[in-house]
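Please work through the following exercises with the sequence and the model open beside you. Each task is followed by a solution that proceeds step by step.

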Amino acid sequence: MKTIRKLILSVAVITFLGSLAVLFKILVFDPYVSRKNQNYVKDIYYNEEKSIEDFFQTPKERFKPLIEINNDIKGWIHINNTVIDYPVLQDSNLESRNNFYLRHDYQKNYSRHGSIFIDSFYDFEKSPQNIILHGHHMRDGTMFANLLKFSDLDFYKSTPIITFDSIYEFANFKIISIFKTNTKPEQGEIFNYLISCFSGKESFLNYVYNVKVRSLIDIPVDIKDDDQLITLSTCSYEFDDFRTVIVARKIRDSEDISVDTQSAKVSENPLMPDCWYKRYGGSAPTYSNFRKAYEDGEISWYSGDFLD
């Protein structure tokens with residue numbers, strides 16, 4: 001009997017120590033390795049020893065040292081007041097269908113943190129009208145975890161611009177929508193926000209209309225039908241497999257980079273998934289499509305010639 005108790009105690013101790021080791025790896029060692037690797041690539045990208053002439057590099061010249069590390073690197077994303085300052089990758093092996101960089105870093109080493117990556121379902125070289133970026137919401141606050149801060153009006157006001165420099169161009173984007181959405185049918189109708197290319201301007205404007213009616217913040221940034229968008233997506237834990245999504249549009253040539261953030265306000269009744277109303281109460285607002293809303297005078301953000 002004493003031998004059995006000793007055996008049980010030994011198993012319990014081993015299990016406890018094993019659990020501690022796993023927790024240490026997840027909470028301490030893995031984040032340390034990820035930060036070390038990210039700092040290394042940042043030192044390459046933001047080489048402070050560059051001469052003044054280097055600030056006039058073309059995108060191709062700027063990204064050359066990174067492409068030499070991994071030619072899947074397609075750009076760099078930076079958002080002020082966050083830790084988001086990472087290389088952006090797109091898997092060249094289309095058969096992996098977005099899975100590879102979920103769990104691999106920019107050096108193609110396995111990593112729980114993964115990478116920030118572009119949807120692999122389209123050809124980035126053809127400049128899609130909506131560039132979709134994915135990133136993990138890590139519990140240590142890295143990768144795309146800071147996207148959840150944008151649900152707060154004051155934080156949005158402090159940070160209305162996203163910088164996404166690609167191997168083809170340097171660009172800034174003005175945020176136009178911040179929303180929560182579901183990915184499971186039992187939580188309500190699924191809104192497909194993962195659309196990169198559109199059949200025409202009405203298709204594009206319907207997409208913008210749908211992200212605008214869902215936005216947690218009413219943002220005073222105008223949209224034209226030939227604008228390019230960037231969409232950032234990460235996991236959100238309000239419900240199982242929820243997403244927090246930010247959509248921004250590229251700043252046009254000769255356009256002022258400033259945003260009238262003082263006119264931004266919390267949306268009175270943004271469209272949320274059905275599960276949201278079941279838990280928190282309230283009811284969904286009525287909405288239709290861009291054409292009807294435009295004809296009814298409900299659209300204030302469009303500055304094109306849709307009906308001309």
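## Exercise 1: The second largest pocket

About 360 Å³ of space lies in the second largest pocket of this predicted model.

Task: Find which residues lie closest to the centre of the second largest pocket, and describe its lining.

Solution. Begin with the lining, which is made up of 17 residues, and note that His134, Tyr193, Leu194, Ser233 and Arg243 are the closest of them to the centre of the pocket. Next, look for the element that contributes most, which is strand S8, residues 229-236, with 3 residues of the lining. Finally, sort the lining residues of the second largest pocket by character, which gives 7 nonpolar, 9 polar and 1 charged.

## Exercise 2: The largest pocket

Task: State what volume the largest pocket has, and determine which element gives the most to its lining.

Solution. The volume of the largest pocket is about 580 Å³. Its lining comprises 24 residues, and those that lie nearest the centre are Lys212, Val213, Asp218, Ser267 and Glu298. Turning to secondary structure, helix H4 (201-213), strand S7 (217-218) and strand S10 each supply at least two residues of this lining, and H4 gives the most, with 3 residues. By character, the lining of the largest pocket divides into 13 nonpolar, 5 polar and 6 charged residues.

## Exercise 3: Ser267 in its surroundings

Task: Decide whether Ser267 is buried or exposed, and find which residues it touches.

Solution. First locate Ser267, which sits in the loop that runs between strand S10 (265-266) and helix H5 (274-280). Its relative accessible area is 17%, and because buried means under 20%, Ser267 counts as buried. Leaving aside residues up to four places away in sequence, Ser267 touches Ser215, Leu216, Ile217 and Asp218. One of these neighbours can be examined at the level of atoms: a polar atom of the Ser267 side chain lies 2.8 Å from the backbone oxygen of Ser215. To link this with the previous exercise, recall that Ser267 and Asp218 are among the residues nearest the centre of the largest pocket.

## Exercise 4: Asp225 and Arg112

Task: Classify Asp225 and Arg112 by accessibility, and describe what lies around each in space.

Solution. Asp225 is found in the loop between S7 and S8, and with a relative accessible area of 17% it is buried. Its contacts, not counting residues up to four places away in sequence, are Gln129, Lys201, Phe204, Leu205, Tyr302 and Asp305. With Tyr302 there is a polar contact from side chain to side chain, at 2.6 Å. Gly304 is 79 residues away from Asp225 along the chain, yet their C-alpha atoms are separated by 6.5 Å.

Arg112 belongs to the loop between strand S2 (85-89) and strand S3 (116-118). Its relative accessibility is 27%, so Arg112 counts as partly exposed. From C-alpha to C-alpha, Arg112 and Met138 are 8.9 Å apart, with their positions 26 residues apart in sequence.

## Exercise 5: The chain as a whole

Task: Find how many helices and strands the protein chain has, and what share of its residues counts as buried.

Solution. The chain comes to 6 helices and 10 strands, and 46% of its 308 residues count as buried. Among contacts with a separation of 6 or more, 65% are made by residues 24 or more positions apart. The accessible surface of the chain comes to about 16600 Å², and carbon and sulfur atoms account for 53% of this surface.

Notes:
Residues are numbered from 1 along each chain as its sequence is written. This is a predicted model: local features need pLDDT of at least 70, side-chain atom pairs count only at pLDDT 80 or more; totals for chains, interfaces and linings use all residues. Side-chain values use heavy atoms; hydrogens and water are left out. Helices (H or I, at least four residues) and strands (E, at least two) are DSSP runs, numbered from the N terminus. Buried means under 20% relative accessible area, exposed over 50%, partly exposed in between (1.4 Å probe, protein chains only). A polar contact is a pair of N or O atoms within 3.5 Å; within protein, one must be able to donate a hydrogen and the other to accept it, and residues adjacent in sequence count only if both atoms are side-chain atoms. Contact means heavy atoms within 4.5 Å. Accessible areas come from the Shrake-Rupley method with a 1.4 Å probe; for residues, only the protein chains shown count as cover. On a 1 Å grid over the protein atoms alone, a cavity is a set of points where a 1.4 Å probe fits but cannot get out, and a pocket is an open set with protein on both sides within 12 Å along at least five of seven lines; lining residues have an atom within 4 Å of a point. Grid points are joined across faces, edges and corners, and a volume is the space filled by probe spheres set on the points. Ala, Val, Leu, Ile, Met, Phe, Trp, Tyr, Cys and Pro count as nonpolar, Asp, Glu, Lys and Arg as charged, and the others, Gly among them, as polar.
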